[in-house]
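Me: Hi, can you walk me through a structure? I'd like to go one topic at a time.

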Number of protein chains: 2
Amino acid sequence: LKLLTAARDLKRRKARERNTLFVVEGVRATEELLRSPITTRGALVTAALAEGERGHRLLEALRRVVPEVLEVEEPEMESAAHTDSPQGVLVIADVPERALNDVVVAGRTRILLLDGVQDPGNAGALVRTAAALGAAATIALPGTVDLWSAKVVRSAMGTQFHHAAMHADLKAVEEFLDRNGIPLWGSESGAPDVAASHPAPERLALAVGNEGSGLSPVLRARIQRLVGVPTRAGVESLNVTVAAGIILYELSR
Amino acid sequence: LKLLTAARDLKRRKARERNTLFVVEGVRATEELLRSPITTRGALVTAALAEGERGHRLLEALRRVVPEVLEVEEPEMESAAHTDSPQGVLVIADVPERALNDVVVAGRTRILLLDGVQDPGNAGALVRTAAALGAAATIALPGTVDLWSAKVVRSAMGTQFHHAAMHADLKAVEEFLDRNGIPLWGSESGAPDVAASHPAPERLALAVGNEGSGLSPVLRARIQRLVGVPTRAGVESLNVTVAAGIILYELSR
């Protein structure tokens, strides 16, 4: 793999999808990556990485497990980096092969569906929140930002390296939900308080929509129940991640 | 007011504090500003603003209520802007005079305390969340990012224009809490589930700490109860805003 060229190429979603490769940047996310089962292909590092003790340890770990570690100059790193401050480290790794059929549906099961979430920061925070609150999977429907973009990976703080985050189309998701007897609920601003929806089903998928336009009409038509978080005088809105976090928490009781 | 010079100067926190002025950028935040009681001093706009219908309406509103509206070229706007994409509009306004004594403490009252929150995106999201969930005020303790920085204002989506967000030192906050009989609780990763803390006091202040180091030792020593949100195997952490949102929601029942 020509690491510099590959890293630059992978800035395009199409290139990530064609090669099923993605880029991880920054010290913390890279540490998480090396603790995960994801296969790495190569790493770019700058001299700055090894200056601190944490970076030094990370560099040693990279040299042990990554097939190729290339030291580059700062300007090269900048031209290859997908985010503003890669902190001297960029790793190219395989997008893990995940399928809906691999999602473990047993006991109390929660699935988060992203239906057109566009902001990478929100998408990453949603993956992180779903992982932390014990959801079995986070599934991104078409129209959602690429979960394997460097900004999403960074915002998710590496949680998608082990949490079952994946893309799937609506037909596959519907079949999966039907087959496993999982009802589909949706989060919507102004919908009835989620606290009034108890007892919650043992298995449940919760969909959250686009930051501006909410749930897509096609998904909304399939939703069995809309739930929300009451806000002050109905005037203020909650960030999509905060709303999803509150609903997933409330439904976990 | 020399608008261009002033806007550039106000990038520094010290300048904002000395002049008790701040900058609002972007269409949505400016719309919120004009709906609020906050006094404006002047606005910079580019030709791009009036191109869309929404921007055109905003420009007309600015001309009606802002003392001085100056049209500038794109490069000037860029040099004056505090955020990456000001969308053709930047307004200089007075930081509202707010005091702890003005906070309305009546009936069920929730106060959010920011104790060293450093990320502007998080601070803004916390203000927005507290406002949406009906908190009476959001108070930033020393060590917290300036609530009147353009990034925080943008992330808060204008909620702090009417929600009582303000800075105060620890001594003043303690006196305020004592005087009003408001107990101080803290949010901490790994602390007992907030759901186990019912019944919650009628009046309550909830402190959230720094993204990395959590609550400061000096505040932590004053906290009467630590609450948290249980996460999967204790491994994952929640974003500070999501955790605060869940706790404020849970304590509102």
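Me: How much area do chain A and chain B bury between them?

Reply: This is a predicted model, so every value is computed from it. Chain A and chain B bury about 2,200 Å² between them. Of that area, 55% is on carbon and sulfur atoms.

Me: Which three residues supply the most of the area that chain A buries against chain B?

Reply: They are A:Ala132, A:Glu236 and A:Tyr249. Together these residues supply 27% of the area on the chain A side.

Me: And how many residues are in contact?

Reply: 28 residues of chain A are in contact with 28 residues of chain B.

Me: How many salt bridges and polar contacts go across?

Reply: The rule finds zero salt bridges across this interface. For polar contact, it finds 12 residue pairs, counting pairs with both residues at pLDDT 80 or more.

Me: Which helices of chain A supply at least two residues each to the side that touches chain B?

Reply: Helix H6 (120-132) and helix H10 (240-250) of chain A do. H10(A) gives the most, with six residues.

Me: What classes do the residues on that side of chain A fall into?

Reply: There are 12 nonpolar, nine polar and seven charged residues.

Me: New topic: pockets. What is the volume of the second largest one?

Reply: The second largest pocket has a volume of about 360 Å³.

Me: Which lining residues are closest to its centre?

Reply: 22 residues line this pocket. The closest to its centre are A:Ala135, A:Ala136, A:His163, A:Ala164 and B:Arg232.

Me: Which strands of chain A supply at least two residues each to that lining?

Reply: Strand S5 (109-115) and strand S7 (164-167) of chain A do.

Me: And the lining by class?

Reply: The lining of the second largest pocket has 11 nonpolar, four polar and seven charged residues.

Me: Now cavities. How do you look for empty space at all?

Reply: Rolling a probe the size of a water molecule over the atoms shows where empty space is left.

Me: How many cavities of 30 Å³ or more turn up in the whole structure?

Reply: The search finds one. About 30 Å³ of space lies in the largest cavity.

Me: Which residues line the largest cavity?

Reply: The lining is A:Arg110, A:Ala130, A:Leu133, A:Ala135, A:Leu248 and A:Ser252. By class, that gives four nonpolar, one polar and one charged. A:Ala135 is on this list, and A:Ala135 is also among the residues closest to the centre of the second largest pocket.

Conventions
Residues numbered from 1 in each chain as written. Chains lettered and ligands numbered in written order. Predicted model: local features only at pLDDT ≥ 70, side-chain atom pairs only at ≥ 80, totals over all residues. Heavy atoms only, no water. 1 Å grid on protein atoms, 1.4 Å probe; cavity = no way out; pocket = protein on both sides within 12 Å on 5 of 7 lines; lining within 4 Å. Points joined across faces, edges and corners; volume = space filled by probe spheres on them. Nonpolar A, V, L, I, M, F, W, Y, C, P; charged D, E, K, R; others polar. Contact = heavy atoms within 4.5 Å. Buried area = accessible area lost by both parts, 1.4 Å probe. Salt bridge = Lys/Arg side-chain N within 4 Å of Asp/Glu carboxyl O. Polar contact = N/O pair within 3.5 Å; in protein donor to acceptor, adjacent residues only side chain to side chain. Helix = DSSP H or I, 4+ residues; strand = E, 2+ residues; numbered from the N terminus.
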